[in-house]
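Reader: I have a new model open. Show me how to read its surface and its core.

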Amino acid sequence: MRFSLEKRDYRSKKMTILVPIVSLLVSFILGAIVLSISNANPVRTYAAMLKGAFGSQTKIQYTIVKAIPLLLCGLAVGIAFRLKFWNIGAEGQYISGVIGITWVMQFWTFLPTYLLLPVGMVVGILFGAMWGGIPGLLKAQWSVDETLTTLMMNYIIIGYAEYLYINAWKAPRGNMGTILYPEAAWLPRIWGRVHAGLYIALILVVILWFVLYKTRWGFELNMIGKNQQAARCQGVSIKRNIILAMLVSGGIAGLAGVIDSAAVTHQLTKGVNSGYGFTGIIIAWMSGLNPFVSILVAIIMAALETGSDALQIMKLPSAMGEVMQGLILIPLLAGSIFTEYRLVLHAKHKEAGV
């Protein structure tokens, strides 16, 4: 008697739903083990994190605010992942968006104040799209490995952003970061700390769902991801779609940076490399690349981050929240095998598919 993996004839819809759910449960079990090793009560710790994320109106607002850029980065990564383009560079594209809007806010003083926000948002999106388009072009034209290029470009832009806020664009009088954006150009708030970026993110979810599931371009992306050779035989341009998908992916990640800086930080500062782009990878995988499911996953990941502040009361480092996020990815990647393959039990005289 032995087990083997056999390729499914088609992607299992049941496993697509079950794998993220089971993976999340397994990650919480692994987290409980880590907490136990750290001499912490897992039940009390999870309860404290839950209260830290949703225990009051203010905490709910913080969680929603944190979920907005996470959702956008998850959507950005998900577009590239649809055609099996492994965009690990959403973090850098996010930072490019922040640099773009900061450039407008700080130096485009010839614009009326009411135009700074819309123009800054457009420029930030274009900066993110450009930073995403470079590895897309390299992949499409010369088959350069996108995992390496997107990952390394993160560190290039992080270093450049550090140069800008420490030196070239540094605010006067020794303040860390750039000068604050004009208050009239801040993204308005709609409920406490929750800002209008929430509307933008939710509208984008609907638009992307329609584009990915109801349009020809979405069908082409899906076809390329499943079988490039078949897509090429059907007349689908692989190069054009790779470049276009990465422009859109980078633009959405740039939009995440634009919204967060225009509504929360109001400047380019040291905390700009916040890890939203890397967490977006987990969100894209857990949601099965579905924009609507990404909303729920983004809230879960945001709650893990905001709830981790409560861990310090229990004499645990706040970094434990990042550990919990990382533990989610491991079972998720392992479980994703079962959406493409099925486990088969081989006996002497019979075979049973599981």
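Author: Start with Trp-191. At 36% relative accessibility, Trp-191 counts as partly exposed, because buried means under 20% relative accessible area, exposed over 50%, and partly exposed in between (1.4 Å probe, protein chains only). Trp-191 sits in strand S2; strands (E, at least two residues) and helices (H or I, at least four) are DSSP runs, numbered from the N terminus.

Reader: What should I trust here?

Author: This is a predicted model: local features need pLDDT of at least 70, side-chain atom pairs count only at pLDDT 80 or more, and totals for chains, interfaces and linings use all residues. Residues are numbered from 1 along each chain as its sequence is written, and side-chain values use heavy atoms, with hydrogens and water left out.

Reader: Ser-96: buried or exposed?

Author: Ser-96 has 3% relative accessibility, so this residue counts as buried. Ser-96 belongs to helix H4 (residues 90–107). Contact means heavy atoms within 4.5 Å. Not counting residues up to four places away in sequence, Ser-96 touches Gly-124, Phe-127, Gly-128, Trp-131 and Ile-157.

Reader: How many residues has the largest nonpolar core?

Author: A nonpolar core is a set of buried Ala, Val, Leu, Ile, Met, Phe, Trp, Tyr and Cys residues joined through side-chain atoms within 4.5 Å. Here the largest one has 86 residues, and Leu-72 and Leu-268 have the most contacts inside it. Domain 1 (1–36 + 319–354) and domain 2 (64–318) both contribute residues, so this core lies between them. The domain bounds come from an automatic or database domain assignment.

Reader: What does Leu-268 contact?

Author: Leaving aside neighbours within four places in sequence, its partners include Val-98, Ile-99, Trp-169 and Tyr-181.
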